[in-house]
Amino acid sequence: MHSDSPQGSLYIFAAPSGAGKTSLVKALVETTADIEVSVSHTTRAPRPGEVDGVNYHFTDEAAFQAMVAQGAFLEHARVFDNYYGTARANIEQRLAAGVDVILEIDWQGARQVREQFPDSIGIFILPPSRQALEERLRGRGQDGDEVIARRMRDAESEISHYGEFDYLVINDDFATALVELAAIVTAQRLRTRIQASRYQQMLQSLLA
């Protein structure tokens, strides 16, 4: 009944640090078929437990800059002393195979991607309150007030761009936010152009 898989959809997830984006994306991928997170390239060293090709594609700066020169990245950015980038070829290959792909990037990266993939779906995740955000940032460990204050400023800057995204999900109750994200994915998969591609033969027989 199914024809060839239609092209997958590209999702851009952005959020201020501390909103719970990474945990939500992990849960969404674990509970939803045919959706995966894009693995970024980075020049930073692996942290304990991180696996090359799973958490990141770890690469040296010379190789990274060579990829930049070749136009291999959809988006790339310098974060503190390290570079991060999303390789175009990998994304295009997975989308062509009918798999939905999630990019976890900031608003600047999201702008770069949208220019090249205007059909991408932007999802912005917010904490339920300023207090909750600060508590989550403090709960991460032994950071001093100065670091927390800087992170809060960074978070405010990120949050100010929520209006550039298609969907806004508030992560107050984790389970509710997860259901909402799954609903966005389901609705996208039911769009007429995608369903028409998926059920081409059935539609032809119905119209015969």
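**Entry 1: starting at I123**

I began with I123 and found its place in strand β8. I am working from a predicted model, so I keep that in mind for every entry. Is I123 buried or exposed? I123 has a relative accessible area of 0%, so I noted it as buried; the cut-off for buried is under 20%. Then I looked across to V169, which is 46 residues away from I123 in sequence. In space, the two C-alpha atoms are 7.3 Å apart.

**Entry 2: the core around it**

Next I looked up the largest nonpolar core, which has 19 residues. Which of them touch the most other members? I wrote down Y11, F13, L28, I123, I125 and L181, so my starting residue is on the list. I also checked which elements give two or more residues to this core, and they are β1 (10-14), α1 (21-31), β8 and α7 (174-189). The largest share comes from α7, with 5 residues. A general note to myself: in soluble globular proteins, nonpolar side chains tend to be buried together.

**Entry 3: the sheet with five strands**

I followed β8 into its sheet. I found an open sheet of 5 strands in the order β2-β7-β1-β8-β9, and the pairing is parallel. Which strands stand at the edges? They are β2 (35-37) and β9; each has a single partner strand, so one side of each has no neighbour in the sheet. From one strand to the next, the twist averages 25 degrees.

I then took a closer look at one pair. Strand β8 covers residues 121-126 and pairs with β9 in the parallel sense over 4 bridges. Within this pair, I saw F124 standing opposite L168 of β9.

**Entry 4: L168 and its patch**

L168 made me curious, so I stayed with it. L168 belongs to strand β9, residues 167-170. How accessible is L168? Its relative accessibility is 41%, which means that L168 counts as partly exposed; that class lies between the cut-offs of 20% and 50%. I also found L168 in a nonpolar patch on the surface, together with Y162 and I170. The three residues have about 270 Å² of accessible area together.

**Entry 5: the sheet with four strands**

I moved on to another open sheet, made of 4 strands. Their order is β4-β3-β6-β5, and this time I wrote "mixed" for the pairing. The edge strands are β4 (57-58) and β5 (73-79), and each pairs on one side only.

What does "mixed" look like here? I checked two pairs. Strand β3 (residues 41-42) and β4 run parallel and are joined by 2 bridges; there, T42 stands opposite F58 of β4. Strands β5 and β6 (residues 82-87) run antiparallel, with 6 bridges between them, and E75 stands opposite T86 of β6.

β5 and β6 also form a hairpin, with 2 residues between the strands. I looked at F80 in this hairpin and found a positive phi near 55 degrees.

**Entry 6: another positive phi**

D34 caught my eye for its phi, which is near 60 degrees. I underlined that this is a positive value in a residue other than glycine. Where is D34? I found D34 in the loop between α1 and β2. With a relative accessible area of 53%, D34 is exposed, because exposed means over 50%.

**Entry 7: two helix residues**

I picked A66 from helix α2, which spans residues 61-69. A66 counts as partly exposed because its relative accessibility is 33%. From A66 to Y56 I counted 10 residues in sequence, and their C-alpha atoms are 18 Å apart in space.

My other pick was E115, in helix α4 (residues 107-116). Its relative accessibility is 69%, so E115 counts as exposed. E115 and L74 are 41 residues apart along the chain, yet 9.5 Å separates their C-alpha atoms.

**Entry 8: stepping back**

To finish, I looked at the whole protein. How many helices and strands does the protein have? I noted 9 helices and 9 strands. Along the principal axes, the C-alpha atoms fill a box of roughly 70 × 45 × 30 Å. Of the 208 residues, 38% count as buried, and I123, where I began, is buried too.

Definitions and conventions:
Residues numbered from 1 in each chain as written. Predicted model: local features only at pLDDT ≥ 70, side-chain atom pairs only at ≥ 80, totals over all residues. Heavy atoms only, no water. Patch = residues over 30% accessible without salt bridge, like charges linked within 9 Å, V, L, I, M, F, W, Y side chains within 5 Å. Areas by Shrake-Rupley, 256 points an atom, 1.4 Å probe, with all protein chains shown as cover. Salt bridge = Lys/Arg side-chain N within 4 Å of Asp/Glu carboxyl O. Buried < 20%, exposed > 50% of the residue type's maximum accessible area, 1.4 Å probe, protein only. Pairing = 2+ DSSP bridges. Axes fitted to C-alpha atoms, helices over the stretch in contact; angles between N-to-C directions. Core = buried A, V, L, I, M, F, W, Y, C linked by side-chain atoms within 4.5 Å.
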